[in-house]
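Trainee: Please take me through the structure shown below, one point at a time.

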Amino acid sequence: MYKKYQKGKEYSNIEVDLLSRFIKLPKLGKVKIRGFRTKDRIEGKILNATISREPTNKYYVSVAVVEDILIDKVTPTNIVGIDLGIKDLVITSDGIKYGNEKVLMKFEKRLKRLQRKLSRQVKGSKNYLKTKEKIARLYAKIKNYRKHYLNNIANEIVNEHDIIVTESLLVKDMFKDKRKAFNRSLSDACVSTLRSLIEWKCKIKGKIYYKINTYYPSSQICSRCGYKNSKLKDLSIREYECPKCGSHNDRDINASLNILLEGLKLHYNLVSLV
Ligand SMILES: [Zn+2]
């Protein structure tokens with residue numbers, strides 16, 4: 001079942017009561033809801049409601065609301081560059097790393113095992129359906145867990161910084177590593193979700209967000225002297241001494257520092273030198 005109540009006069013009679021915990025929908029009438037606890041009422045004008053059924057047989061309703069918020073633009077006092085990747089999900093130019101959560105990896109391993117099991121079972125059999133339901137439940141669990149984790153990271157980054165810079169796309173050399181192919185799609189999804197979360201949170205908190213060109217070789221350029229070291233295409237090199245200025249660079253932190261520098265150039269309208 002998938003039903004969308006479109007925007008328009010006809011549907012202006014959607015009502016949400018978060019205290020008594022019900023939603024009133026056209027045609028369906030009053031429906032009990034649960035799970036939403038961070039607000040006690042919805043501000044703004046309700047545009048539409050979308051009902052969806054998850055494979056776990058749970059029904060969800062999402063309500064789109066237009067709200068006028070006055071956002072005070074923050075006068076920036078600091079900036080952070082963020083390198084997004086697979087080994088570590090996030091590396092900031094402050095040197096903080098957020099890994100790919102171990103719990104998530106464990107869930108994903110379990111998921112892979114169940115999928116293998118399913119492929120060996122007779123389609124439509126009782127055990128097949130049982131495994132299928134387990135997979136659906138696990139998917140939902142991973143989705144929720146990931147959402148929560150990414151939200152926390154985005155909150156921390158946006159709360160602590162005024163200008164945030166990331167790369168615009170993730171066409172990273174690390175994707176050439178076939179052994180990581182399994183993690184690839186998952187990390188890819190995490191990275192793009194995280195980027196949109198950061199962008200959105202910057203918008204509502206009056207902070208500044210920049211995306212920089214993806215083809216800029218952020219990990220090959222020394223953030224101190226600008227020397228481009230093409231030997232660094234070899235991904236096994238994680239730390240190195242810059243042959244020109246001798247500074248000791250951590251590959252990933254160096255990349256995020258370069259992203260920060262590109263963001264600064266954008267912010268002050270300076271011409272990029274690379
Ligand atoms: Zn250097």
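Trainee: Does C222 count as buried or exposed?
Mentor: The model is predicted: local features need pLDDT of at least 70, side-chain atom pairs count only at pLDDT 80 or more, and totals for chains, interfaces and linings use all residues. Residues are numbered from 1 along each chain as its sequence is written, and side-chain values use heavy atoms, without hydrogens and water. Buried means under 20% relative accessible area, exposed over 50% and partly exposed in between (1.4 Å probe, protein chains only). Because its relative accessibility is 2%, C222 counts as buried.

Trainee: What does C225 count as, at 29% relative accessibility?
Mentor: C222 and C225 are both among the protein donors of the zinc ion. The value for C225 is 29%, and therefore this residue counts as partly exposed.

Trainee: Which residues are the protein donors of the zinc ion?
Mentor: Donors are N, O and S atoms within 2.8 Å of the metal (3.2 Å for Na, K and Ca); water is not among the atoms, so sites may look incomplete. Here the donor atoms are SG atoms lying 2.3 to 2.4 Å from the zinc ion, and their spacing along the chain is C-x2-C-x16-C-x2-C. The residues are C222, C225, C242 and C245.

Trainee: What arrangement do the four donor atoms make around the zinc ion?
Mentor: Four donors count as tetrahedral if all angles lie between 85 and 135 degrees. The angles subtended here are 107 to 111°, so the arrangement is tetrahedral.

Trainee: Which elements give two or more residues to the largest nonpolar core?
Mentor: A nonpolar core is a set of buried Ala, Val, Leu, Ile, Met, Phe, Trp, Tyr and Cys residues joined through side-chain atoms within 4.5 Å. The largest has 20 residues, with L89, V90, I157, I164, L194 and I198 making the most contacts inside it. Helices (H or I, at least four residues) and strands (E, at least two) are DSSP runs, numbered from the N terminus. The elements in question are β7 (79-84), β8 (88-92), α2 (126-160) and α3 (181-204).

Trainee: Which residues does I157 touch, not counting those up to four places away in sequence?
Mentor: Contact means heavy atoms within 4.5 Å. By that criterion, I157 touches V80, I82, V90, Y98, I164 and I198.

Trainee: Which are the edge strands of the sheet of five strands, β9-β8-β7-β10-β11?
Mentor: Two strands pair if DSSP finds at least two bridges between them. This open sheet has mixed pairing, and β8 and β9 run antiparallel, joined by three bridges. Pairing on one side only marks the edge strands, β9 (97-99) and β11 (208-212).

Trainee: What angle does the direction of helix α4 make with that of β7?
Mentor: Helix α4 (residues 251-267) packs on the five-stranded sheet, touching β7, β8, β9, β10 (163-167) and β11. Axes are lines fitted to C-alpha atoms, for helices over the stretch in contact, and angles run from 0 to 180 degrees between N-to-C directions. The angle between α4 and β7 is about 130°.

Trainee: Why is one side of β2 and of β4 left without a neighbour in the sheet?
Mentor: The open sheet has the order β2-β3-β4, with antiparallel pairing. Because β2 (15-17) and β4 (29-32) stand at the edges, each has a single partner strand.

Trainee: What is the phi of K27?
Mentor: Most residues other than glycine have a negative phi. K27 lies in the loop between β3 and β4, and its relative accessible area of 71% means that it is exposed. Although K27 is not a glycine, its phi is positive, at about 75°.

Technical notes:
Tetrahedral: all angles 85-135°; square planar, octahedral: opposite > 155°, others 65-115°.
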